[in-house]
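Trainee: Could we go through some strands and some unusual backbone positions of this model together?
Mentor: Gladly; put your questions one at a time, and I will reason each of them through.

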Amino acid sequence: MKRILLLLLPIALAVSTQAQQTSTRSGDLQFIQNQGQWDEPSLFRVGLFGGTLFLEPNAFTYTFSNIGDLAHYHHEDPTVSPENFILKRHAYRVQFNHADPFARVSGESRRKNYYNYFLGDDEARWKGHVPSYYGVRYSNMYPGIDMVVYSKSTSLKYDFEIAAGANPGLIEMQYDGLSDIQVTDGNLILTTNVNTIVEQSPVAWQYIQGVQVFVKCVYTLKGNTIQFAFPDGYATDAALIIDPATLIFASYTGSSADNWGYTATYDDDGNLYGGGIAFDDGYPVTLGAFSETYTPGGPFSADISISKFNESGSDLIYSTYLGGSSEDLPYSLIVDENNELIVFGSTGSANYPTVTGCYDGTFNGGSSILIDGVLDFSSGSDAVITKFSIDGSSLIGSTYFGGTSNDALNTGVLLYNYGDHARGEVNIDEDGNIYIAGVTRSPNLPVTGGVFQPTIAGEQDGFLTKFNPDLSDVIWSTFVGGSADDGAYSIKEMLHNTFIVCGGTASTNLNTTPGALHEDYNGGTTDGFLMVISEDATSIIASTYIGTNQYDQTFLTEVDEENNIYITGQTRGAYPVIGTVYNNPGSAQYITKLDSALTTISLSTVFGNGVNKVNITQTAFLVDNCDKVYVCGWGGSVNLGVNPDAGNVTGMPLTPDAFQPTTDGNEFYLIVFGEDLATLEYATYFGGEFNIEHVDGGTSRFDKSGVVYQAVCAGCGGSDNFPTTEGAYSNTNNSSNCNLGVFKFALAAPPTNASFIPDPTSGCYPVEVEFTNLSENAISYDWDFGDGSNSITENPTHTYSEPGVYTVTLIANADGLCTFNDTTTATITVFDYPTAGYTYGPNPASVFSPVFFTDASSDAVSWLWEFGDGFTSTEENPYHLYAETGTYYVCQTVTNADGCIDKLCDSVIIYSISILEVPNAFSPNNDGVNDVFIPLNYGLLNYEFRIYNRWGELIFETSDTTKGWDGYYNGVEQELDVYVYVVSGNGEDGVHYSKQGNFTLVR
């Protein structure tokens, strides 16, 4: 999917706890491989919020618990005994009908962490170093179709990758075990006993001649089986991707205090900071936060509420109240390079928290004023600027700023939209200095000497102020305005240490510069204005009105890398459309690009529904590194409540891949323009059905990668329909009115993601490794194999010829400035071999005499001996007895701990031995013992054996080495006596053996 929803959540307004899965990289689900620690057929297991997913050969099995019941048991009703507590669970299964049950299922992008499972008494289930992965691929699940399962943030996702010519009609998903299944507004709604799961309408696309082309794709439901259909067809000769988008899982938490949404920002780690106001105790503060309690005041007194969410929005890093006993409002947030949050807003509290040594520790007051019929600044208002420590536990700086009239409340003719009272912005420079753009009605607002406007010119002017980093001093401060109402809304640093400021004005005598785009007021109720000021605010470098002869205001400004200026705002007039730009004629929102001298418009467009009524009030604005332009805003009935002449967001331009293509007219709206405003890149609604999402004032921000961090006043009236993601800190509004909501939404093109799988990852040298490249959104690749070799092939093969540990680096190269190259690494371990070796003795060796083999190998842990006569041994130092002479090929095979093998074979010659020994008696009495007189002989040739009696008579003779004398001669048993033997033979060892002597026959 081209754009991915990263985070959607409302702030919980009571301290609550939810089960969270852990991960090595916050925001990503872990796919843990089953290596026998769990029952089959599970191949991988994924921990989801409130449940578990088991990936099987051709099926998914989900199990969920009622997290609300569990939270109630743990936190709300501790009197319930464990034996009486029932936790509801539900399981359902998705069967991929007719899928190949033997399709290869493999983990993708192995994580660095691992898991150990040593539970229970079944040692067969004990598994260590079990790997986990960022995703799982089902290869050729259907012919020519892969399925990839992965996550974005804490949301589970799966894509079907369909090769050219393959048939997507084969994909058939059967849902078993649900309470209900239906397709509503294109989304797949799955109902269980404990929750509701929404699989959003599918998005499909192809690349045709290098251009991404979206294909209309819908779910078709027959019984409990889902398939995909393409009403307008698609190009069958090109690959097709089907992305059923984000899975949203419902959960059960919430809180009670009414609170409203104002402002949001981010830090370099992707954490989100939300700012709003809270009217009571119950805001989810964290332990050790700066202020854990609400400061009571009047009936509707509001404290600022600040919450820092982690990257995935699953938890609060810190959360705190900030304020005194009257109204305290946040307008703009920013984080400095030390991750210290800076808050700019207004206060009516004489006891707003300031720090010792701050610029102004005293409330200056003003006139009583009621905002929105609720916010009662009975003693007037001051601007406040506060800087938090990184953990939110203390204040680095905090100060009032103002005069004796009202400050930081935008009122009068400039108040066109709901929330316009809270206009203004905080920004910083590389040295940590803090810049404020705001409004004031105080003639005695502090200013510094030499600035370009030291005095107020009308009832309400803008002001610009530069503070040092700890808010202890004002470096410069100036008014901005003419004789009518003026407001400074946004300030950005430009090249050459200058600053661009934008705002609204009703003054016809604003200080413009000669040659500016509009030196004179254009007419109508208000104009926008732009002003470039010097580094020290001593001079106006360029200044112009912006607008038509009707209502116009300029709310936000940006600067690109070439020092061009972009602005966005509202118009009711015939605002100029300049250049070959995407536009919606007659619309009331504009974007304009000007040169840094403010003399020339190079590009300008209007966007909206073409009704010439304000659709949205802009809250966040970005020009990225490729000059793509991003706008976020809201519109609808809340704005109509204060300005009946406003419009709503119905009929706004959308793109086929819109996250939310429908609206009730009261939504947020997000839009992205291509370079030079030439194309509509992306547009979507965002909000809940029959809800009135809005903000109550203030601005939010995009980061440079196109991710918006937005605050919302959500769920007003006690509704729970703000579209949140599972795993978010809070998913339910349990207050009787509104909740501050925040969302983090990536609108840019998908980032380049480097990923690959080596096969194998280890082995004995030489090792040939095949690298499967899984990178996304890259145009070329640079491989460093870690041994001095490189490649630019997409899927290379490389052979490691020497042992060692090699770090393989893949750089996936992006296609432009808007996306960045990505790098990933993997380790290949190439093992050395053991060295086989042995000695033996005795040498020379002979039959019937054991041969002892002594291991002389190195780095071996196991041995296999083959003695050459069919016998083997696995002992380290064996011995062997050979029964026959000959030359034997003795082989020793050794294996080391890494499984590498070496083998050594050598010849062992077994020589024959010759033996001739003669006994000195025998007893032929047929008792089976020593009944025959025979020499002990072995290996004799030409053998001759004779026996003589005492008279010299030859009584026995043989040349057979196996025969002996039995004590008979001519059939007659011989008497007890002494006899003489003579025996001889030629030994096989080359020696002639002969013996003679006497022996005794014993009866």
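Trainee: Which residue in S65 is the bridge partner of Thr 893?
Mentor: In this predicted model, S64 and strand S65 (residues 901-911) pair in the antiparallel sense over 10 bridges. The two strands form a hairpin with five residues between them, and Gly 899 in the turn has a positive phi of about 85°. Within this pairing, Thr 893 is matched in S65 with Lys 903.

Trainee: Which residue in S64 stands opposite Trp 863?
Mentor: Strand S61 (residues 862-866) is joined to S64 by five bridges, and the two run antiparallel. Across from Trp 863, the residue in S64 is Val 894.

Trainee: How many of the 10 residues of strand S64 are buried?
Mentor: A residue counts as buried when its relative accessible area is under 20%. Strand S64 (residues 886-895) is largely enclosed by the rest of the structure, because the buried residues among its 10 number seven.

Trainee: Which strands stand at the edges of the open sheet of four strands, S35-S36-S37-S38?
Mentor: The pairing in this open sheet is antiparallel, in the order S35-S36-S37-S38. An edge strand has a single partner strand, so one side of it is left without a neighbour in the sheet, and this applies to strand S35 (486-493) and strand S38 (540-546).

Trainee: Which residue in S37 stands opposite Ile 500?
Mentor: Strand S36 (residues 499-505) and strand S37 (residues 527-533) are paired antiparallel over seven bridges. Opposite Ile 500, the residue in S37 is Val 532.

Trainee: Is Asn 942 buried or exposed?
Mentor: Asn 942 is found in strand S69 (residues 940-948), and its phi is near 55°, a positive value in a residue other than glycine. Most residues other than glycine have a negative phi. Since the cut-off for exposed is over 50% relative accessible area, Asn 942, at 59% relative accessibility, counts as exposed.

Trainee: What is the relative accessible area of Asp 676?
Mentor: Asp 676 lies in the loop between strand S45 (667-673) and strand S46 (680-686), and it has a positive phi of about 60° although it is not a glycine. Asp 676 is partly exposed, with a relative accessible area of 33%.

Trainee: What is omega for the cis peptide bond that joins Tyr 765 and Pro 766?
Mentor: Most peptide bonds are trans. Pro 766 lies in the loop between strand S51 (762-764) and strand S52 (767-773). The bond that joins Tyr 765 and Pro 766 is cis, with an omega of about -10°.

Conventions: Residues are numbered from 1 along each chain as its sequence is written. This is a predicted model: local features need pLDDT of at least 70, side-chain atom pairs count only at pLDDT 80 or more; totals for chains, interfaces and linings use all residues. Side-chain values use heavy atoms; hydrogens and water are left out. Two strands pair if DSSP finds at least two bridges between them. Buried means under 20% relative accessible area, exposed over 50%, partly exposed in between (1.4 Å probe, protein chains only).
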